[in-house]
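Subject: Structure for your review

Dear colleague,

Please find the structure below, handed over for your own inspection. My notes on what was found in it follow directly after.

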Amino acid sequence: RTTGGGAAEPVLVGWSTSERVHELHGDVAGVTSSDADPTGEHYVSGRVVLDADSFAALEGEPFGRPEERAIVMHELGHLVGLGHVDDPRELMYPTVGRRLTYGPGDRAGLRVLGHLSC
C-alpha cells in the first residue's frame with residue numbers, strides 16, 4: 001500500500017526479548033503481525049520481531065546460521081499470509097525441525113498467495 005505521497009509502507013524487522021515482547025516467552029523465536037488494507041483483503045505492511053536471546057543461543061551452534069535463516073523465512077511466510085501447518089516436514093510447522101527451507105506445501109501456499117489479485 002502507498003501513503004498519500006506515494007511512498008510504500010515499510011515492513012519492520014527487529015529484535016527484542018521476552019521481557020519487552022511477551023509473545024516471545026518460552027520457546028518462541030519470532031512473532032509476526034501483518035497490517036491489511038482498509039478492505040482487509042490484502043496485507044500491506046507488518047512487523048517481525050525476532051527473539052534476541054534465541055538468536056544469540058544459536059550463534060555457536062553447528063547449524064545456527066541455517067536455523068536462524070529458517071526462523072526468519074518462517075516469520076516472513078506469516079507476514080505474507082501463510083499460517084502454521086500440521087506437517088513437520090514443512091517450514092511453516094509451528095516449531096523448527098529439520099526443514100531449513102520452504103517445503104513443497106509451503107511453496108504451494110506461496111503460489112496461491114502469489115496468484116491473488118493485488
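I begin with a salt bridge between R65 and E68, whose closest N and O atoms are 3.3 Å apart. Please bear in mind throughout that the model is predicted. The two residues are three places apart in helix α2, so about one helical turn separates them. Their surroundings can be stated separately: R65 counts as exposed, at 60% relative accessibility, whereas E68 counts as buried, at 6%.

R65 also meets the side chain of E59 in a salt bridge, at 3.8 Å from N to O. E59 is partly exposed, with a relative accessible area of 47%. Through salt bridges that share partners, E59, R65 and E68 are joined into one network.

The structure holds four salt bridges. Another of them links R47 with D35, where the closest N and O atoms are 3.0 Å apart. Because R47 belongs to strand β3 and D35 to strand β2, this pair ties together parts that are 12 residues apart in sequence. Both partners fall in the intermediate class of accessibility: R47 is partly exposed at 35%, and D35 is partly exposed with a relative accessible area of 28%.

Turning to the overall organisation, the protein chain contains three helices and three strands. Read from the N terminus, these elements follow the order β-β-β-α-α-α. Along the principal axes, the C-alpha atoms fill a box of roughly 45 × 35 × 20 Å. The chain has 118 residues, of which 29% count as buried. Its accessible surface comes to about 7,700 Å², and carbon and sulfur atoms account for 56% of that area. Of the contacts between residues at least 6 apart in sequence, 48% join residues at least 24 apart.

The strand pairing deserves a closer description. Strand β2 (residues 30–36) and strand β3 (residues 43–51) run antiparallel and are joined by seven bridges. Within this pairing, T32 stands opposite V48 of β3, and D35 has S45 as its bridge partner in β3. D35 thus appears in the pairing of the strands as well as in the salt bridge with R47. The hairpin of β2 and β3 has six residues between the strands, and G40 takes a positive phi near 80 degrees in it. Strand β3 also pairs with β1, here in the parallel sense and over six bridges. In this second pairing, the bridge partner of W15 is L50 in β3.

How many residues make up the largest nonpolar core, and which are they? There are seven in all: A29, V48, L50, F55, L58, I71 and L79. The elements that give two or more residues to this core are β3, α1 (52–58) and α2 (64–79). Two of the core residues, V48 and L50, were met above as bridge partners, V48 opposite T32 and L50 with W15.

F55 is a useful residue to follow from here. With neighbours within four places in sequence left aside, F55 is in contact with W15, A29, L50, E68, I71 and V72. Among these contacts, A29, L50 and I71 are themselves members of the core, while E68 is the buried partner of the salt bridge with R65.

W15, also in contact with F55, is found in strand β1. Is W15 buried or exposed? With a relative accessible area of 53%, W15 lies over the 50% cut-off and is therefore exposed. W15 is also part of a nonpolar patch on the surface, which V11, V13 and L76 complete, with about 360 Å² of accessible area together. Strand β1 (residues 11–16) gives the most to this patch, namely three residues.

Finally, I would draw your attention to S18, which is placed in the loop between β1 and β2. S18 has a relative accessible area of 12%, under the 20% cut-off, and so counts as buried. Leaving aside neighbours within four places in sequence, the residues in contact with S18 are L24, H25 and D51.

With kind regards

Methods. Residues are numbered from 1 along each chain as its sequence is written. This is a predicted model: local features need pLDDT of at least 70, side-chain atom pairs count only at pLDDT 80 or more; totals for chains, interfaces and linings use all residues. Side-chain values use heavy atoms; hydrogens and water are left out. Two strands pair if DSSP finds at least two bridges between them. Helices (H or I, at least four residues) and strands (E, at least two) are DSSP runs, numbered from the N terminus. Patches are made of residues with over 30% relative accessible area and no salt bridge: like charges are joined within 9 Å, nonpolar side chains (Val, Leu, Ile, Met, Phe, Trp, Tyr) within 5 Å. Accessible areas come from the Shrake-Rupley method with a 1.4 Å probe; for residues, only the protein chains shown count as cover. Buried means under 20% relative accessible area, exposed over 50%, partly exposed in between (1.4 Å probe, protein chains only). A nonpolar core is a set of buried Ala, Val, Leu, Ile, Met, Phe, Trp, Tyr and Cys residues joined through side-chain atoms within 4.5 Å. Contact means heavy atoms within 4.5 Å.
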